[in-house]
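The following exercises concern a single protein chain and are to be worked with the sequence and coordinates at hand. Each task is followed by a solution in steps.

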Amino acid sequence: GLSRESRGAMKTSPAMLASLTVSAILAIILSLQVLNSLNGISTLGSPLAVTRGSLSPMSFRDHMNGRRYSPCPQVRRALTDASELRKLDDDTILNEIAESSRELLVLRMKMSNRQEVKTSDFQLHKKKIAQLKTIQREREIENGVSKRDSRREKKNSYRNMDILKRIRKFEQPGDDE
């Protein structure tokens, strides 16, 4: 038999017991997933489930080019389709450029204030602006505007603050009048 002191030391709190139970269940699930992945069986469609052939060793060339090997496919948010953007009129394109520029500014301010930001949004907005400007320039070329005239016009529009007028105003916390 055990003495009273040793029996008291073996008592566990309900929280500790629950934690151990959860850990044991997770360990069992993980081991089942590993066994099934070795047999080529995918369970639950979870990221832990790996089928045969999906993990190939990284080649030396990929390593030298700085590519990272990732067993999971890269998931990327879809940008607005260029064919949809081509349907927009010139005024709407300018408004979209201004709105994306504003969003970039908001993201930069959030980063500087150390707020939580999805860094992929920077790339999305920059790419959208690039697509819109490309469409804008293609239309200028169709209309016979030279590169020099196009640049001069953009310079004057910034000077006249035409583009900055399109950006929505920021809401200030004290503007509740």
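**Exercise 1.** Characterise the salt bridge between E96 and K128 in this predicted model.

*Solution.* Step 1: the side chains of E96 and K128 form a salt bridge, with an N to O distance of 2.8 Å. Step 2: E96 lies in helix α5 and K128 in helix α6, 32 residues apart, and the pair thus links distant parts of the chain. Step 3: the cut-off for a buried residue is under 20% relative accessible area. K128, at 19%, therefore counts as buried, whereas E96 is partly exposed at 26%.

**Exercise 2.** Determine which parts of the chain the salt bridge of D90 with R139 links, and classify the exposure of both residues.

*Solution.* Step 1: the closest N and O atoms of D90 and R139 are 2.9 Å apart. Step 2: D90 belongs to helix α5 and R139 to helix α6, with their positions 49 residues apart in the numbering, so that distant parts of the chain are linked. Step 3: D90 has a relative accessible area of 45% and is partly exposed; R139, at 19%, is buried.

**Exercise 3.** Explain how R152 and D149 are placed for their salt bridge.

*Solution.* Step 1: the closest N and O atoms of this pair are 3.4 Å apart. Step 2: R152 and D149 are separated by about one helical turn, because they are 3 residues apart in helix α7 (residues 147–159). Step 3: R152 is partly exposed at 46%, and D149 is partly exposed at 37%. The structure holds 6 salt bridges, R152–D149 being one of them.

**Exercise 4.** Identify the residues of the largest nonpolar core and the helices that supply them.

*Solution.* Step 1: the core has 10 residues, namely L85, I93, I97, L104, L107, V117, F122, I129, L132 and I135. Step 2: α5 (90–112) and α6 (120–142) each contribute at least two of them. Step 3: leaving aside residues up to four places away in sequence, F122 touches L104, L107, R108, M111 and V117.

**Exercise 5.** Assess where the coordinates call for caution, using pLDDT.

*Solution.* Step 1: the chain has a mean pLDDT of 75, and 63% of its residues reach 70 or more. Step 2: confidence is highest in α6, at 94, and lowest in helix α3 (residues 60–64), at a mean of 54. Step 3: pLDDT stays under 50 over residues 42–57 and over residues 73–77. Step 4: predicted coordinates should not be read in detail where pLDDT is low.

Notes
Residues numbered from 1 in each chain as written. Predicted model: local features only at pLDDT ≥ 70, side-chain atom pairs only at ≥ 80, totals over all residues. Heavy atoms only, no water. Core = buried A, V, L, I, M, F, W, Y, C linked by side-chain atoms within 4.5 Å. Buried < 20%, exposed > 50% of the residue type's maximum accessible area, 1.4 Å probe, protein only. Helix = DSSP H or I, 4+ residues; strand = E, 2+ residues; numbered from the N terminus. Contact = heavy atoms within 4.5 Å. pLDDT = per-residue confidence, 0-100. Salt bridge = Lys/Arg side-chain N within 4 Å of Asp/Glu carboxyl O.
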